[in-house]
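Thanks, everyone; I would like to take a few minutes on the packing in this model, and then on its cysteines and one of its helices. Please have a look at the structure first.

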Amino acid sequence: MSSGFFKANFIQNTLVGILRAYLKLALKTTRWQFEIDAEAYPLLTCKDGEPALVVLWHEYLTLGPRLWWWGLSENPDLKFYVLISRNREGRLISKLINPWRIWTVQGSSNKNRQDKGGAAAFRELLNHTKAGHVIAITPDGPRGPRHQCHEGVLKLALLSKRKIVPMGAYCRSVRLNTWDKLLIPLPFGKGKILCGKPIMVTRENYDTVATEMTSILNDITSKAQK
């Protein structure tokens, strides 16, 4: 039993290492064009001590590290945290990106009264953003519906008084047959990363932002593909 466990763990770590090496190759060899809103720049780099709450659709999660590396090149002391689900997929993502100094917070909203760590994850994210760390959230994750924004990021923005920075990204790629149509980047292509005008969420504009957030993300995602 012990031998089987270590063998399975070795195989998993080997596969994760291969995936990490491939993803790094694809992202590093892609010729990226960055379009960062002037107001978003200091939030993404914490130049003034205020971090961003980055939001992007779940299908582009694989392109996120390229933005993180850009941020680290601007500010080597930057810290990134990504919200992921508390399941096997989430653990795999953690193993994949943690060596790149991209840290993870595991948890998702409750479904069918089953505790998936959503409340604890929210508190942890709140602490991280108050400490001045950049947070990334896929508001249609972890299981969709695809391109439907859940309100967790809006509540986090409201309580933390941090601004949301919508992100769009695209590059030469293939898509998996998953619920989110996850994008897998291909090496030696061209890509674009857009970060739009920051959005401050208040009690007065909360309902308006909640209504418009999906269209804002769809718009910036569409622009990244042009």
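When I say contact here, I mean heavy atoms within 4.5 Å of each other. This is a predicted model, and with that in mind, let me start from leucine 44, which, leaving aside its neighbours within four places in sequence, is in contact with Ile36, Ala52, Val54, Leu67, Trp70, Leu78, Val134, Val165 and Cys195. Leu44 belongs to the largest nonpolar core, which has 63 residues, and together with Leu67, Ile164 and Met213 it touches the most other members. The largest share of this core, six residues, is contributed by helix α7, which spans residues 206-224.

Now to the cysteines, where the count of disulfides comes to zero. Cysteine 46 is in no disulfide, the nearest cysteine sulfur being that of cysteine 195, 13 Å away, and cysteine 46 counts as buried, at 15% relative accessibility. Why is cysteine 149 without a bond to cysteine 195? Its closest cysteine sulfur is the one in cysteine 195, and because 16 Å separates the two sulfurs, they are too far apart for a bond. Cysteine 149 is buried as well, with a relative accessible area of 18%, where the cut-off for buried is under 20%.

Last, helix α4, residues 88-97, in which Gly90, Ile93, Ser94, Leu96 and Ile97 are buried. These residues lie on the same side of α4, because the arc they cover around the axis is only 165 degrees. As general background, an α-helix has 3.6 residues a turn, so residues three or four places apart point the same way.

How values were computed
Residues numbered from 1 in each chain as written. Predicted model: local features only at pLDDT ≥ 70, side-chain atom pairs only at ≥ 80, totals over all residues. Heavy atoms only, no water. Core = buried A, V, L, I, M, F, W, Y, C linked by side-chain atoms within 4.5 Å. Buried < 20%, exposed > 50% of the residue type's maximum accessible area, 1.4 Å probe, protein only. Helix = DSSP H or I, 4+ residues; strand = E, 2+ residues; numbered from the N terminus. Disulfide = S-S within 2.5 Å. Arc of directions from axis to C-beta.
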